[in-house]
Each structure stands twice: as C-alpha cells, then as structure tokens.
Amino acid sequence: MSEPIKVIIVGAGLGGCAAAMAMHYQGFDVQVFEKVHNFGRLGDSLGLGENALRLLQRWGLHDRLIEIGNKSEMMQIRRWKDGKILAQQPLMDMAGYIGHRGDYHEEFLRRVGELGIGIKMGSNVVSYDENAPSLTLSTGEVHKADIIIAADGIKSTARELVLGFEDKPKSSGYACFRAYFKGAYLKDDPLCREFVEKECVNIWIGNDVHLVQNTLRDGDEFNWILTHKDTEDIKESWFQPGDMDAVREIISDCDPRIAAAVKKTKECLDWKICYRDPIPSWVSKSHKIALLGDSCHPHLPTSAQGASQATESAAVLALCLKLAGKDNIPLATRVYEKLRFERVRQSQRNGEDVRDRWHNALKNLDDDVEIDPEDVKIRNRWLYPFDAEADTMRRWQEVSALVTKELQTGEITPLFAGTSATYT
Ligand SMILES: Cc1cc2nc3c(=O)[nH]c(=O)nc-3n(C[C@H](O)[C@H](O)[C@H](O)COP(=O)(O)OP(=O)(O)OC[C@H]3O[C@@H](n4cnc5c(N)ncnc54)[C@H](O)[C@@H]3O)c2cc1C
Ligand SMILES: *[C@@H]1O[C@H](CO)[C@@H](O)[C@H](O)[C@H]1NC(C)=O
C-alpha cells in the first residue's frame, strides 16, 4: 500500500470542516490550520439544504444537525405594511433546515474531532509555495502536503496570494441590519408574542426592503435580518455595529407586530452585502492549491446555500482526488473546478433572483390587488435532490478526458469566458 494523500486545509469554518470530513472518509491524511484561537458562537441563522445533509449523513453528521434545524414546518412571506400573508411554503422548499450558525459549527467541529482529524488553532497562514505545495504560518513554521485546500472564507488571502486575484468586493447596493438575542422578554408583549412562542420563520417584503425573522432554540432565541438600500457605503465586516435609530426609521411603516419586536432590540450589526465577480479559476497554476467555499463561491444571504454549496464542493474535491490518485493531483483539482462552476453559479444567482422579486413584487400595486403567491416564493427546491458524489461519478470520465488533454497542452480553459476579474 502506498502512502495516503496528504491534505492540508486552511480554515476550519463550515467549508473547511466539511472538506476535512470528506477527505478523511476517502482515506486521506488530513491536517487543518485555523487562524483564530477559539471559535465563538458567531453569526446568526443559517440554512442547510438536503443537498448538503445527504453528504453530511455519509460523514456521520446528520441526526444532530436535524435536531438543531428541523423545528418549524412552514414559512410565511408577508406584506411589509400589515403582515398580510402573500405566500406560504414549507421551510424545506426554501432555506432548508435553519439553525444557528454557531450551533451547526459546533457539531461540525465535534465530528471532525471524533474522526481524529487535527485542527491546529491559532495558526495564521501567511504565505504559500504553490509548487511544493507548502504553506508558512506567522510563526515561520512550514508545512508541506500533496494538496492544499484554502477554505479561508470570503476575505481569502489564498485567493490573492496564490491565484493573484485582487479582492474586489463590489457593493450590491444593499446592507443588512441583523440582530440575534434571547427573546424571552418579547413574550410579554401581546403585539409580538406570536413570533416568539415557538420556532418560526416569517419574511416581510416591501419596496426595496425585506425583513427576515427566525425564531430558534424552541422559541428561546430571536433573530431578525433587515435588508435595505445601503446608502452609507459601510465597510464589509461581520462585526460592524448597526444604528438602531436607523433601523427604527426603516421599520416605522412595517407591520406593527414585528416592528414591536424589532424596536425593542438593544443592539444590532450592520452587515454590508457585497458581490464578488466569479473568478475564472479556483486552482493555482501549479494545480496543487485549490480554493473551496466562500473563498471562491460566496453567496448572498437570500440564497441560503453558502454552507451547503461549500459542503458539495468538499465532497466533489475529495472524490476527484480519490479517482485521480496521489500521482494525479492536477487532474483532480482541474476536474473539480469544472464540475462545480455552473451549479454554484446557478445557486448564487438564485439568491439574487429572489431578492429582486421580493423588492419589486409590490411596487405600484394597490392594496386590494392579489399577487400570485408563486411570484414571491423562494425557488430553491430544484437544488435539493442533487447528489454531488453521484454527479461526480457520472461525469468523471468525460471531464477527466478533457482535463487530461488540457494538462498536456498546458492550456487550461477558464471557468467562464469574458472575465472581468484580473488574472495575473
Ligand atoms: C463570523 C461569520 C458569521 C457568519 N454568519 C452567517 C450567518 O449568520 N448566516 C449565514 O448564512 N452565513 C453566515 N456566514 C457565512 C457562512 O458561514 C459561510 O457562507 C459558509 O459556512 C461557508 O464558509 P467557509 O467555510 O467557506 O468560510 P468561513 O466560514 O468564513 O470560514 C473561513 C475560516 O478560515 C479561517 N481563516 C481565514 N484566513 C485564514 C488564514 N490566513 N489562516 C488560517 N485560517 C484562516 C477563518 O478564521 C475562518 O474560520 C458567516 C461567516 C462568518 C465568518
Ligand atoms: C422533520 O420533522 C417533520 C415533522 O415536523 C418530520 O415529518 C420529518 O421526517 C423530519 N425530518 C427529518 C429528516 O427527520
């Protein structure tokens, strides 16, 4: 028996953890490096679709996630000004299983630990040698592997250091105020009590604005996310404090029931929503460092697929490595990006589409005009039956033959034509 493939993963977010599990299950030797020393319970509500849960089940991590996320059955899409229900659909058809990002992350980390995969916390990766391939930590330590996977998030340094893509976030024109807190004190308010009695999800849509409410942990925890036009050009960060006076102003003409809950919120975050142009390659020129997750395919929050698509990418890359073998890492990474790109684009666009439909559905409409519920429903259902591993098996022969030729000539076709990203 030859030595197993040695894999290094940078970043232990949901994408990095998913990659660690996928690689472990293919029999590889896996080591993860994570910059922060400790993970807090960061973020708020996050959706996991059945497309991801199918894979996570194969890695022994299904039931605990279901326990977190399978609590409310239906979600309502409501009219901004009075909460009239415009459409209702099963949560499973839209965002999938909704739970707290931190609760899901804890389970991902626990599973990685159970599998005996090492995560070196407090390890800041500061440079890469794409040919070795190896990475260097801020301490000067160098680590070498057969393949390095950069799951280092939306502000990925690997994307810049290895692929040479300048990080150019473009404002989407929108920002979200968001808050997450223990909602017990809202239970005394007759106006908003109904939204904190048990887990539930509601969305209010208006002109160029929408508000998502998630009640989690059996009604103990309350979350709202208010997407609005970003006129301030705020900075992109998960930790930027928001101005509750601005929030109160925006919701002053919103359904008084949800407005009562939002108004009582003590503090919130202001989270700029940026687009990033798709990049024409997810893999270094040496073909030995590959990006995964938000570092190469970030999603808008309205897509509810960021973590799920990262999970799919993890499964596909692991299987490609298995099929190609230790001596053919370049074949694996180049097939991986080709298999993933189109599906990820469609999933990203889905998030843009639903936001635009919500923000325009009620424009220039009189109150008594009924809208077609289908016009405002989330259309994610088609994403769920997909089995990323079965798809890889099905397309491996065709795509690997193509990539083999490209590697022989040295001409790798970019993932899409007419790129506006800088590829140096
Ligand atoms: C703080 C935070 C809150 C979020 N909240 C939500 C939410 O509420 N709802 C939602 O739908 N999505 C949220 N997301 C996004 C969601 O988690 C991702 O879309 C999805 O999980 C895929 O992420 P990822 O693993 O690719 O990247 P990330 O989750 O961003 O993980 C990247 C990891 O890489 C580490 N890292 C970065 N640079 C280095 C380096 N140089 N060396 C070593 N390690 C490095 C980071 O510390 C981080 O742990 C949040 C992301 C973050 C970072
Ligand atoms: C989720 O809960 C519903 C009942 O509310 C149940 O019918 C369904 O089987 C559950 N899903 C899973 C995957 O356990």
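Visitor: An oxygen atom of ligand 1 is 2.8 Å from a polar backbone atom of Asp 294. Why is this called a polar contact?

Guide: A polar contact is a pair of N or O atoms within 3.5 Å; within protein, one atom must also be able to donate a hydrogen and the other to accept it, and residues adjacent in sequence count only if both atoms are side-chain atoms. The 2.8 Å between Asp 294 and ligand 1 is within that limit and therefore qualifies. A polar side-chain atom of Arg 101 is likewise placed 2.8 Å from an oxygen atom of ligand 1, and a backbone N or O atom of Gly 15 is found 2.7 Å from an oxygen atom of this ligand. Of the 950 Å² of accessible area that ligand 1 has on its own, 87% is covered by the protein. Such areas come from the Shrake-Rupley method with a 1.4 Å probe, and for residues only the protein chains shown count as cover.

Visitor: On what basis are these values given?

Guide: This is a predicted model, in which local features need pLDDT of at least 70 and side-chain atom pairs count only at pLDDT 80 or more, while totals for chains, interfaces and linings use all residues. Residues are numbered from 1 along each chain as its sequence is written, chains are lettered from A and ligands numbered from 1 in the order in which they are written, and side-chain values use heavy atoms, with hydrogens and water left out.

Visitor: What makes a residue near ligand 1, and which residues come nearest?

Guide: A residue is near a molecule or strand if one of its heavy atoms lies within 4 Å of it. There are 30 residues around ligand 1, and Gly 15, Glu 34, Asp 44, Ser 45 and Arg 101 come nearest. Helix α1 (14–25), strand β3 (45–48) and helix α9 (306–324) each supply at least two residues of this shell, with the largest share, three residues, coming from α1. Helices (H or I, at least four residues) and strands (E, at least two) are DSSP runs, numbered from the N terminus.

Visitor: How do the residues of the shell around ligand 1 divide by class?

Guide: Eleven are nonpolar, twelve polar and seven charged. Ala, Val, Leu, Ile, Met, Phe, Trp, Tyr, Cys and Pro count as nonpolar, Asp, Glu, Lys and Arg as charged, and the others, Gly among them, as polar.

Visitor: Which residues surround ligand 2?

Guide: Ile 66, Asn 70, Glu 73 and Tyr 97 surround ligand 2. The side chain of Asn 70 has an N or O atom 2.4 Å from an oxygen atom of ligand 2. Ligand 2 exposes 360 Å² when taken alone, and the protein buries 38% of that. By class, the shell of ligand 2 has two nonpolar, one polar and one charged residues.

Visitor: Why is Gln 89 called buried?

Guide: Buried means under 20% relative accessible area, exposed over 50%, and partly exposed in between (1.4 Å probe, protein chains only). Gln 89 has a relative accessible area of 5%, so the residue is buried. Gln 89 lies in strand β5 (residues 85–90), and its side chain reaches the backbone nitrogen of Ile 378 at 2.8 Å. Leaving aside neighbours within four places in sequence, the contacts of Gln 89 include Glu 73, Met 94 and Lys 377; contact means heavy atoms within 4.5 Å.

Visitor: How are Asp 218, Asn 364 and Ala 390 classified?

Guide: Asp 218 is exposed because its relative accessible area is 53%, and Asn 364, at 80%, also counts as exposed. Ala 390, with 31%, is partly exposed. Asp 218 is found in the loop between β14 (209–216) and β15 (221–229), and its phi near 55° is a positive value in a residue other than glycine. Ala 390 lies in helix α11.

Visitor: How do you know that strands β8 and β9 pair?

Guide: Two strands pair if DSSP finds at least two bridges between them. Four bridges join β8 (residues 125–129) to β9 (residues 134–137) in an antiparallel arrangement, so the criterion is met. Ser 127 stands opposite Thr 136 in β9. The two strands form a hairpin with four residues between them, and Pro 133 lies in the loop of that hairpin. The peptide bond from Ala 132 to Pro 133 is cis, with omega near -15°.
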